[in-house]
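Got your viewer open? Load the model below, and we'll walk through it one selection at a time.

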Amino acid sequence: MAVCVAVIAKENYPLYIRSIPTENELKFHYMVHTSLDVVDEKISAMGKALVDQRELYLGLLYPTEDYKVYGYVTNSKVKFVMVVDSSNTALRDNEIRSMFRKLHNSYTDVMCNPFYNPGDRIQSSPPIDTDVTLGHHQDFIKKHSRAHIPHLLLGVPCIPRRGPRGAPCSQQPRRLRGDPSQALPMAPSLSHDAVSRFILGPRAFDSMVTSMMVQVC
Amino acid sequence: MADAALFEFLHTEMVAELWAHHSDPGPGGQKMSLSVLEGMGFRVGQALGESPTASAWPKRLPLSPRLPQETLAFREELDVLKFLCKDLWVAVFQKQMDSLRTNHQGTYVLQDNSFPLLIRMASGLQYLEEAPKFLAFTCGLLRGTLSTLGIKSLVTASVASLPTCKFQVVIQKT
């Protein structure tokens, strides 16, 4: 389970940084900041070597006693840094790679969002009710607008459940007591709808990061 | 196939729309419209410069917002320009650039012998004066992609006879 995910711009300022709120966030911010040096070192070292192919995935940057830090660089020198709990030994390299790939795809989606100016902070917030009618997407957005992030981050166990139309769907969070909204499918299914991805840009990014943090091994 | 035609129609309408509302018909107003078009192309190019994983490419539609890129093989500028000529051109116009020349001092000339946005207009010298406005968006596209990949540049286009056109890329050393 990832405890902190950060997207750093080319000029080394954070575009997006998110960690599990139960912990001291400053510690993770500091870790990400120090890991930038290691990232720069890896990039320049690879550049000098006569290696034809430099991989986007940088691998383990450095381990500490409690956490491991992984890095990834895109072609546009945007860095992704992920801090993972060391106690979770089941996480293999391939899984980290696939998490980074998903992050990269979501970041590309954010870039394609016309309302996003490159270089801004990536902001995810529930959309405010506006006069703009989005057709049938209005209901879609209303349904998902309440941030279910607190439930997901607490690691509520996911029970495989049948969806509303009886079709088997991926794990759904169990409804907490007192939660007025319905149980929703996990975030990755949000991004499969190409149009909603276009409209929801940064929000799908946020929910994708959330799903990464509570990945059930 | 239909995707390419959609973009061509949209582009034609974009140019027509910007030229229709010309409050200042002199050269000043024209420059404004050209830079608006170029700015649009720049933003699109910035988004196109982000690359996906190679595995995503074969499954997607031709006009998806992503380009194939397996690894970070840009060791020098020439590699970046080759990427523009091959992968970017194929993704946007479904064909490769026909020739790339350089003077090895930061200037590159990309030549397309049958540029898709001009090919429907004429073949020869007809409409030569109108052609530059149809190239502004593409100049911006090239500049935007280069800027995401970390290269500051200046892109201009010239037409000798439709539909052949040349894009000149001058790398700005900072």
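**Stop one: a hairpin in chain B**

Two residues carry the hairpin that joins β3(B) to β4(B). Select residues 153-161 for β3 and 164-171 for β4 in chain B: the two strands pair in the antiparallel sense over eight bridges. Here, strands pair if DSSP finds at least two bridges between them; helices (H or I, at least four residues) and strands (E, at least two) are DSSP runs, numbered from the N terminus. Show B:Val155 as sticks and you'll find B:Val169 of β4(B) opposite.

Before moving on, some housekeeping. This is a predicted model, where local features need pLDDT of at least 70 and side-chain atom pairs count only at pLDDT 80 or more, while totals for chains, interfaces and linings use all residues. Residues are numbered from 1 along each chain as its sequence is written, chains are lettered from A and ligands numbered from 1 in the order in which they are written, and side-chain values use heavy atoms, with hydrogens and water left out.

**Stop two: chain B as a whole**

Colour chain B by secondary structure to see five helices and four strands. From the N terminus, the order is α-α-α-β-β-α-α-β-β. Of the 174 residues in this chain, 45% are buried (buried means under 20% relative accessible area, exposed over 50%, partly exposed in between, with a 1.4 Å probe and protein chains only).

Now pick helix α5, residues 136-148 of chain B. How many of the 13 residues of α5(B) are buried? The count is 11, so α5(B) is largely enclosed by the rest of the structure. Among them are B:Phe137, B:Cys139 and B:Leu146. Just after α5(B), look for B:Gly150, which has a positive phi of about 95 degrees.

**Stop three: salt bridges in chain B**

A salt bridge here is a side-chain nitrogen of Lys or Arg within 4 Å of a carboxyl oxygen of Asp or Glu. Select B:Lys173 and B:Glu77, which form one with their closest N and O atoms 3.4 Å apart. This pair links distant parts of the chain, 96 residues apart: B:Lys173 sits in the segment after β4 of chain B, and B:Glu77 in helix α3 (residues 77-93) of chain B. B:Lys173 is exposed at 64% relative accessible area, whereas B:Glu77 is partly exposed at 25%.

Next, try B:Asp112 and B:Lys95, whose side chains meet in a salt bridge at 2.4 Å, N to O. Are these two buried or exposed? Both B:Asp112 and B:Lys95 are buried. Add B:Asp98 to your selection, and you have a network of salt bridges linking B:Lys95, B:Asp98 and B:Asp112.

**Stop four: over to chain A**

Select helix α2, residues 93-112 of chain A. Show A:Asp93 and A:Arg97: they form a salt bridge, with closest N and O atoms 3.4 Å apart. The two are four residues apart in this helix, so about one helical turn separates them. A:Asp93 is partly exposed at 38% relative accessible area, and A:Arg97 is partly exposed at 27%.

Further along α2 of chain A is A:Ser106, buried at 11% relative accessible area. Leaving out residues up to four places away in sequence, A:Ser106 touches A:Phe205 and A:Met208 (contact means heavy atoms within 4.5 Å).

Finish at residues 2-8 and 14-19 of chain A, strands β1 and β2, which pair in the antiparallel sense over five bridges. They form a hairpin with five residues between them, and A:Asn12 in the turn has a positive phi of about 65 degrees.
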